[in-house]
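The following paragraphs lead the reader through one protein chain, from its domains to its strands and cavities. Please keep the structure in view while reading.

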Amino acid sequence: MLQNSELSSRHNCFNRYHWLAAFMMNGAFIVVLFFVVHLSAEAAEPNSLKTKLVVKESTGAGFEQVSALAAGIDFTNTLGELKGASNRVLFNGAGVAAGDVDGNGHPDLFFCGLDTPNQLYLNSGSWKFSPSRIPDSMALPGFPTRGAVLADLNGDQSLDLVMTTVGGGLRSFINDGKGRFLENTVEAGLEGHSGGSTIALADIDGNGSIDLYVANNRSDDIRDRGRVNMRQVNGRIIPPDELKDRLLIHSGQIHEYGEPDNLYINDGSGKFSRVSWTDGRFRTSGKTLSETPRDWGLTATFRDINGDHSPDIYICNDYWTPDRIWINDGSGSFDELSVELLKKTSASSMGVDFADVDLDGDLDGFIVDMLSRDLQVRKRQQPAFNPLFMEPSLSGNRQQVMHNTLLLQKSDGSFADVAYFAGVEASDWSWSPVFMDVDLDGYADLLISAGYPHDVQDLDAIQLIQSKQHSWDRFKDPAALREAFAKELMEHYRLYPDLDLPVVAYRNSGNGKFEDVTASWGTDIPGIHQGFATADLDGDGDLDLILNSLNAAPLLLKNNASRPRIKLRLRGQSSNTQAIGAKVFLKQENGPDLCSEVFAGGRYLSGSDTEIVFAAGEKQQDLAVEIHWPLGGFSRMDNIQPNHGYVVEEPENNTTISKRGSEAIETMAVLFEDISESLALTFNEADSNDFSRQPLLPFQLSHRGPGIAIGDLNQDGWDDIWIGSGRGGQLRTFFGNGEDSPRLEKWPVPLPDDSMGLLMGYLIGKPELNLIGLAGYEQVAPSGLVTGKSDGLDWESVDASIPGAGPMALGPLNGRGELSLFLAGGIKPGHYPAVHPSTLMALRNGLFTTDKRNSTLMGGLSMVKGVVWSDLNNDGFPELIVGTEWGPVRVFENRSGSLFDVTEPWGLAGFKGLWNGIATADLDGNGYPDIIAGNWGLNSSWRATTSHPFRLFHGTFSNPAVTDLIETDYQFDLEMTPSRMLDELGLSLPFIYQNIRHYRDYSEASLQKLTGKRFPLGRISEASTFASMVFFNEGPGGVFRAKELPAEVQWAPVYGVQAADFNGDGFEDLILCQNQSRTRPGWSRQDNGGALLLQGDGKGGLRVLSSMESGLLVSGDLRSAALGDINNDGRTDLGLTLNKGPLKIYLNQSSNSGLRVRLNGPAHNPAGIGCQLRLHGANNVWGPVREIQAGNGWFSQNSPVTVLHSSFKATGIWVRWPGGAETLTPLGQKKEITLSWKP
């Protein structure tokens, strides 16, 4: 169950309500909605000052560099070479703060200096600045200055300054209202000696004053000392007493902690008190923290992440220390966001920003890392991997990934990292991301500061420096040692390449994707750009960019946007005069509502001006602004004019809104009720290290189950649930009895290998022939296919010549004859992607024998991961459809019992993928089944297009017992090159080192050059798409039209696939099971999905329902899905399996019950496998076609008793029986019908 503080009320810009929580009531999830007053007649009208903006025409979106010197800013953030080498933390740079300190209406700029005096520049407009005289302690505080923010600390309506130093803690300066400052650090209670970085401010406890959070890093790095005297006690390395709280010894390696962050509470007058981490204000898993986190803090920001009107905290921590996400409970105390809601973060987390990226009404986050945009550079840079990432007790339970993360928030408060899907996974050595609607199209674009003095990840330089290492034992004087060590470090730094980088720009395309526009938007200006602030420096209503660059003049970029805009500045009533924490909504007549939050600080080392800018749209429309003030007030302004700026004062008498919701006005039952807890069954499977057998695998090949089958196993009229198991485990059956707690029975004999597909024997009239496929991967099974009676007392091999199996399905190949079984070949251990041959078997007189005529087509199939029989051309003979890995979805047309490969003429051959589960359904209502195919997804580093397919190069290059795998990319357009790191490949393929001398050689070499004479021995498997898809059946002639499933489906691999009309509206819907967490080391887990319900519109359109609507609140590696009316109530229920997770059973709670249909077929096909059904109404109206199948999806079998619904009054039910005979039976008022086959 999700905690209230994590899944709290969230503003939805479109529907004007807040989600509060999902409560469990009698086993069912109920969504409770809380009302928020949004009536303009009752809202207080704020005082406002309106100013027309002068918007100059420009050639398009983007920026133009303004010379800092020409603008009057003569400042350089210098850092001497030796000083930087003596203390590497200084290389992290310094920031800039923007804000109007003298009250003239123009944002001024304060630049921090590391080895140069800080400086304040006053803005007189028109890009003219002049230096301001500031106190000596503000210019030269005695320590390098790192970060700064301009904010009103004492509520006197003038912006004060607070800044962080390297070793001198915070410094605070009070503004007299005229831009003159006086230091009050001691009086403010902010004195200290920390090595601070970024400052963030917000009213965390709702008392009207802004509080202050400081992310601390360190004042120095222990690695710069040259030597630390350790001692050994009983075989353990022990640090000196003065460093015992600073150093961690783990597995013989020394790691350094960062410094604790500080949270200060403001009493309203600008006087602060520091909060303890362990006094109950911070909680994890509901318990008070027992010790203070000592993290390498770089950035902290306050935002209302979960939409409950209270500021939460996101802290970016470097090195091995994990990011921290603290959710405010509304009183200024915080609960750590659970891992279930956020599964991964960036490893070298530098900076963070938030915005509603997809305009769905909630806040999304973006965190930057150091992954290069250039594949060649990436392959010669050492990944910033730390072995402590594998230690959850030290670095947290979240996976730390070495790329940027774009965290899209879902309706249930969880986050999915979609950086690769969006195309923003890489921005090089990055510091500060900024969401800004640059082109004023309503969507938040991304700007990212980047650069570092040296590319210290360059592997050739690292190798050269390692060769120069020597003993320092000759130095006895610590001071002399440090001096000599620093000088040598300085020489070593010179061996690294420079790393001047641009300000990376990504344009939000509005479809979930971003486009790299660094060159076209004018930000392709190399430098070491670190601190980053935004402000409207020239008063034209768009935000300009200010970057503090290391050893260079500041970078000033003028925004040239020309589209209509609206600018707002808020004035609060309390001592929070900047209204920090207020939310502002632009209500549009012709588009979605836009939302922005006022925040202070929170940029890497920097603070932006607090003005808000909205795109006003190109068309004339009525616009209004709604403001949710920080203390709960609400006000509205109508008749907002484009190209105007507004200064808005908080009314004294506000309409009050609840911070967390106070009155439930609506209860919405979700579609599915989870009854899994009453079953209490978890699938356990022995761990298997597939990488030890085949080291270069991209993902594990075991852990593919369990399968699930739903059907009436004991023939008592109630559907039963049959669940697969791993090697040594037991199959289990829940026997339905019409009650909420079905009877569980274990099959007594353990399985000899992992089970794959399951098919119930009664479907073929042979209860004793329950079919179980065995993988044959982890060990040699007695057979890939065994049978077992329901009592489970013994297994019987069907064919000992079948060494291992994948999915299987039964179908009436010969029309009205006995059923045939397709059995996919299993993986050859150690030789992926090679597989054993697939087989087609005919059931003759109760025995399965190989169908030699048709099996010749099956032998050459690549790995089959999904199979279904479906009559695609409506001739009464079902086609065989198989989803292959490194191949297309292949279709074998059934011509009266003979199969013919029609993949190419039917238009499917060009879609090679990693196809998983396969199902068919009539999604567009044209009476022909469409094909739904799960694929790897579009959210990984693998890219595939028709012109540039992803290629896996493989062969036995070094050991005949193991197939080596080389993942490739492209250089020089079409030349293959390895995409993995040299050290990864070299462990398995040492011959590669013979052809190269340096990492640069490797990064630039083609695959052919690296493999040399072995290149002709390799084979290529390729994929042209990784998108999960629907192939729409256009009808007679076998023509299919491919369409990608919605974006959210592409965030993770899809395994289980099922179709039925779940909400009873007469249109077919889909259920998809996602996630693969068992990827190779160093690769991001593909676990950003879940159980998705896609609601069909009957025309081929599909909408992904939120988990709050569907009730499918489940995470983990979902595998199989199976359908059946478990409680016989005329609604389709759902069973889901998770690898190493609980069995999930969901009862359908739809208000629409349908027609239960049971078929009585001939003795050899008693369940009517292969039949097609449709409801019929007056005026010859037809519902979608539904098929009775035995085996589909992912190792699944659905109940043959199906439930049909219609969007019209159904008067009859039509059946096409296998072989082509058709019947139309009147319905009357029946809720259940049994239809029998007549010869």
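The domain bounds used here come from an automatic or database domain assignment. The model itself is predicted. For this chain, the assignment gives domain 1 (63-227 + 261-386 + 402-458 + 496-564), domain 2 (572-649), domain 3 (696-944 + 1024-1236) and domain 4 (950-1023). Between the C-alpha centres of domain 1 and domain 3 the distance is 50 Å. These two domains nevertheless touch, with 16 residues of domain 1 in contact with 22 residues of domain 3.

Attention may now turn to the strands, beginning with a sheet of antiparallel pairing. This open sheet consists of four strands in the order β34-β35-β36-β37. Its edges are formed by β34 (430-436) and β37 (514-516), each of which pairs on one side only. On average, neighbouring strands of this sheet are turned by 25° against each other, direction ignored. Within the sheet, β35 (residues 445-450) and β36 (residues 504-508) run antiparallel and are joined by three bridges. One residue pair to locate in the view is Leu446 and its bridge partner in β36, Tyr506.

A second open sheet has five strands, and its pairing is mixed. The strands follow the order β55-β54-β53-β52-β88. Here the edge strands are β55 (743-746) and β88 (1196-1197), and each pairs on one side only. The pairing of β53 (residues 720-723) with β54 (residues 732-735) is antiparallel and extends over three bridges. In this pairing, Ile723 has Arg732 of β54 as its bridge partner.

A hairpin offers a further example of strand pairing. Its strands, β18 (residues 247-250) and β19 (residues 253-256), run antiparallel and are joined by four bridges. Ile249 stands opposite Ile254 in β19. Two residues lie between the strands of the hairpin, and Ser251 takes a positive phi near 55°.

The interior spaces complete the tour. Across the whole structure, a search finds 18 cavities of 30 Å³ or more. The largest cavity holds about 790 Å³ of space. It is lined by 47 residues, of which Phe354, Ala355, Cys595, Ser596 and Glu597 are the closest to its centre. The elements that contribute two or more residues to this lining are β1 (10-11), β29 (352-355), β34, β42 (583-588), β43 (594-597) and β45 (612-615). Strand β34, an edge strand of the four-stranded sheet, is thus one of the elements in the lining of the largest cavity. By class, the lining of the largest cavity comprises 23 nonpolar, 11 polar and 13 charged residues. Both domain 1 and domain 2 take part, each giving at least three residues to the lining.

The second largest cavity contains about 290 Å³ of space. Among the 25 residues that line this second cavity, those closest to its centre are Ala1059, Arg1186, Glu1187, Asn1198 and Thr1202. Two or more lining residues come from each of β69 (918-921), β77 (1054-1060), β81 (1118-1124), β87 (1186-1187) and β89 (1202-1204). The lining of the second largest cavity divides into 10 nonpolar, nine polar and six charged residues.

Conventions
Residues are numbered from 1 along each chain as its sequence is written. This is a predicted model: local features need pLDDT of at least 70, side-chain atom pairs count only at pLDDT 80 or more; totals for chains, interfaces and linings use all residues. Side-chain values use heavy atoms; hydrogens and water are left out. Two strands pair if DSSP finds at least two bridges between them. Axes are lines fitted to C-alpha atoms, for helices over the stretch in contact, and angles run from 0 to 180 degrees between N-to-C directions. On a 1 Å grid over the protein atoms alone, a cavity is a set of points where a 1.4 Å probe fits but cannot get out, and a pocket is an open set with protein on both sides within 12 Å along at least five of seven lines; lining residues have an atom within 4 Å of a point. Grid points are joined across faces, edges and corners, and a volume is the space filled by probe spheres set on the points. Ala, Val, Leu, Ile, Met, Phe, Trp, Tyr, Cys and Pro count as nonpolar, Asp, Glu, Lys and Arg as charged, and the others, Gly among them, as polar. Contact means heavy atoms within 4.5 Å.
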